Amino acid sequence: DAGASITVAVTASKEDHLDATATSAAVTVAKLDSDTRATAQFFARSGSPVPVSIVVRADAGVTPSGSVTIYDGRNPIATGVLGSNGRVTVNVAGLSRGIHIITVRYEGNTQIDGSNSFPQLLFVW
């Protein structure tokens, strides 16, 4: 029920009396937390695609679904869609020579909050 709005309705009844129903105010169940982890190689050759492996986990045994965005610094450079196991590998291409700071953002879904991976350094030569 994470992320859902829930109400409770109670009906009282007794023989020879009218039934009465009371409904509670809606309460939204908090979304689950997520943890995003990304792994990329440390060195890469200019012009070669760099595989970035991503794993997203959530509380309560729920498998995350949805999309992830890979960033080089503040610039989005690739996207991917999580598989049924909460994992995806995205090949990032077109990185110029130099030092890149790679992070991944899980966008979240109706049940799970989004999260960011820890930054990874990538040296392209």
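Between which two strands is the loop where Ala 60 is found? Ala 60 sits in the loop between strand S7 (50-58) and strand S8 (67-72), and we will come back to it after a look at the whole chain.

This is a predicted model, in which local features need pLDDT of at least 70 and side-chain atom pairs count only at pLDDT 80 or more, while totals for chains, interfaces and linings use all residues. Residues are numbered from 1 along each chain as its sequence is written, and side-chain values use heavy atoms, with hydrogens and water left out.

Let us start with the overall build. The chain has 13 strands and 0 helices; here helices (H or I, at least four residues) and strands (E, at least two) are DSSP runs, numbered from the N terminus. The radius of gyration is 22 Å, well over the 14 Å that the globule rule gives for 125 residues, so the chain is more spread out than a compact globule. That radius is taken over C-alpha atoms, and the globule rule is 2.2 Å times the number of residues to the power 0.38. Along its principal axes, the C-alpha trace spans about 85 × 25 × 20 Å. Buried residues make up 30% of the 125 residues, where buried means under 20% relative accessible area, exposed means over 50%, and partly exposed lies in between (1.4 Å probe, protein chains only).

Now for the sheets. An open sheet is formed by 3 strands in the order S5-S7-S10, with antiparallel pairing. Its edge strands are S5 (34-40) and S10 (87-92), each of which pairs on one side only. From one strand to the next, the twist averages 20 degrees; the axes behind such angles are lines fitted to C-alpha atoms, for helices over the stretch in contact, and angles run from 0 to 180 degrees between N-to-C directions. Two strands pair if DSSP finds at least two bridges between them, and S5 and S7 are joined by 7. Among the partners, Thr 39 is matched with Ser 53 in S7, and Arg 37 with Val 55 in S7.

Strand S5 rewards a closer look, as its side chains alternate. Ser 34, Thr 36, Ala 38 and Ala 40 point to one face and are buried, whereas Asp 35, Arg 37 and Thr 39 point to the other and are not. Asp 35 has a relative accessible area of 30%, so it counts as partly exposed. The side chains of Asp 35 and Arg 37 meet in a salt bridge (2.6 Å, N to O). With a salt bridge taken as a side-chain nitrogen of Lys or Arg within 4 Å of a carboxyl oxygen of Asp or Glu, the count comes to 1.

Over in S7, Val 50 is buried because its relative accessible area is 3%. Val 50 and Thr 21 are 29 residues apart along the chain, and their C-alpha atoms are separated by 61 Å.

Further along, S8 pairs with strand S9 (residues 75-81) in the antiparallel sense over 6 bridges. The S8 and S9 hairpin has 2 residues between the strands, and Gly 73 takes a positive phi near 65 degrees there. S8 is also joined to S11 by 5 bridges, again antiparallel. Ile 70 shows both pairings: Ala 78 stands opposite in S9, and Val 104 is the bridge partner in S11.

Strand S11 (residues 98-106) also holds Ile 101, which is partly exposed because its relative accessibility is 42%. Ile 101 joins Phe 42, Phe 43, Ile 99, Leu 121 and Trp 125 in a nonpolar surface patch with about 640 Å² of accessible area together. Patches are made of residues with over 30% relative accessible area and no salt bridge, with like charges joined within 9 Å and nonpolar side chains (Val, Leu, Ile, Met, Phe, Trp, Tyr) within 5 Å. Accessible areas come from the Shrake-Rupley method with a 1.4 Å probe; for residues, only the protein chains shown count as cover.

That brings us back to the loops. Most residues other than glycine have a negative phi. Ala 60, however, has a positive phi near 60 degrees, and at 70% relative accessibility Ala 60 counts as exposed. Asp 16 has a positive phi too, of about 70 degrees, although it is not a glycine. Asp 16 lies in the loop between strand S2 (9-12) and strand S3 (20-23) and is exposed, with a relative accessible area of 74%.
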